[in-house]
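Open the model in your viewer and keep the sequence panel beside it. The tour below goes from one selection to the next and says what is found at each stop.

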Amino acid sequence: MATGVEQLEALSGRRVLVVEDDFVVAEDFAAILRGAGAEVIGPVDTLPRAIRVAQECDSLHCALLDIDLQGIAVFPLAAQLQAEGIPMIFLTGAGCDAIPEELAEILCIGKPIGPRRVMEEICALIGIPSATA
């Protein structure tokens, strides 16, 4: 069982891009990640801004991507991140059926998602021991 200190440091030094158009959900994700020591990039709520932020950010460790950003699919950003070798997780309130075949191997999780699961999946994604183990 991880101690409180280990949980606070689980993502220390990691940069996580959060792309989510629902303000409350975005802030919840950001708070969870910051609480684990991550540097949160964003949250970003539109595709054009998310693409720009990702291009300008050095050393991203992973990304949480809402599939639908104000009616626009996040897939162009996902393809860009995939080409750069940045791991990511898709989040959706509508289902994972719309994911293009070339992005089908990316984990897709339905919302709502609890803080413990967010941490477990991000830790697994970037290959560090889970803060919730």
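In which sense do strand β1 and β3 pair, and over how many bridges? Select residues 15-19 for strand β1 together with β3: the two pair in the parallel sense, over four bridges. Bear in mind that this is a predicted model.

**Stop 1: strand β3 and its neighbours**

Keep residues 62-66 selected, which make up strand β3. Five of its five residues are buried, so the strand is mostly covered. In a regular strand, side chains alternate between the two faces of the sheet. Show the side chains here: Cys62, Leu64 and Asp66 point one way from β3, while Ala63 and Leu65 point the other way. Both sets are buried.

Now look at the bridge partners. Valine 16 has cysteine 62 of β3 as its bridge partner. Next add residues 88-92, strand β6, which runs parallel to β3 and is joined to β3 by four bridges. Here leucine 64 has isoleucine 89 of β6 as its bridge partner.

**Stop 2: the cavity**

Rolling a probe the size of a water molecule over the atoms shows where empty space is left. How many cavities of 30 Å³ or more does a search of the whole structure find? The search finds one. The largest cavity has a volume of about 30 Å³.

To see its surroundings, select Phe29, Leu64, Ile89, Leu91, Ile109, Ile113, Val118 and Glu121, which line the largest cavity. Leu64 has been met already, as one of the buried residues of β3, and Ile89 as its bridge partner in β6. Colour the selection by class: the lining has seven nonpolar residues, no polar ones and one charged residue. Both β6 and α5, the latter at 115-126, supply at least two residues of this lining each.

**Stop 3: the cysteines**

Select cysteine 96 and cysteine 108. They form a disulfide, with their sulfur atoms 1.9 Å apart. The structure holds one disulfide. Cysteine 96 sits in the loop between β6 and β7, and cysteine 108 in strand β7 (107-110), so the pair ties together parts that are 12 residues apart in sequence. Is this disulfide left-handed or right-handed? The torsion about its S-S bond is about -85°, so the disulfide is left-handed.

Now compare the exposure of the two ends. Cysteine 96 has a relative accessible area of 31% and is partly exposed. Cysteine 108, at 19% relative accessibility, counts as buried, because the cut-off for buried is under 20%.

Return to cysteine 62 in β3 and add cysteine 123 to the view. Why is there no bond between these two? The sulfur of cysteine 62 has its closest cysteine sulfur in cysteine 123, but the distance is 9.0 Å, which is too far for a bond. Cysteine 123 is in no disulfide. Cysteine 62 is buried, with a relative accessible area of 0%, and cysteine 123 also counts as buried, at 0% relative accessibility.

**Stop 4: backbone exceptions**

Most residues other than glycine have a negative phi, and most peptide bonds are trans. The next selections depart from that.

- Select glycine 42 and proline 43: the peptide bond from the former to the latter is cis, with omega near 0°. Proline 43 lies in strand β2, residues 39-44.
- Select lysine 111 and proline 112: this peptide bond is also cis, with omega near 5°. Proline 112 is in the loop between β7 and α5.
- Select serine 59: its phi is positive, about 60°, although it is not a glycine. Serine 59 lies in the loop between α3 (47-56) and β3, and is exposed at a relative accessible area of 54%.
- Select glutamine 70: its phi is positive too, about 50°. Glutamine 70 is in the loop between β4 (68-69) and β5 (72-73), and is exposed, with a relative accessible area of 52%.

**Stop 5: the whole chain**

Clear the selection and zoom out. The protein chain has five helices and seven strands. Along the sequence they follow the pattern α-β-α-β-α-β-β-β-α-β-β-α. The C-alpha trace spans about 40 × 30 × 25 Å along its principal axes. For 133 residues, a compact globule would have a radius of gyration near 14 Å, and the chain agrees with this at 14 Å. Of its 133 residues, 44% count as buried.

Note on methods: Residues numbered from 1 in each chain as written. Predicted model: local features only at pLDDT ≥ 70, side-chain atom pairs only at ≥ 80, totals over all residues. Heavy atoms only, no water. Buried < 20%, exposed > 50% of the residue type's maximum accessible area, 1.4 Å probe, protein only. Pairing = 2+ DSSP bridges. 1 Å grid on protein atoms, 1.4 Å probe; cavity = no way out; pocket = protein on both sides within 12 Å on 5 of 7 lines; lining within 4 Å. Points joined across faces, edges and corners; volume = space filled by probe spheres on them. Nonpolar A, V, L, I, M, F, W, Y, C, P; charged D, E, K, R; others polar. Disulfide = S-S within 2.5 Å. Rg over C-alpha atoms; globule rule 2.2 N^0.38 Å.
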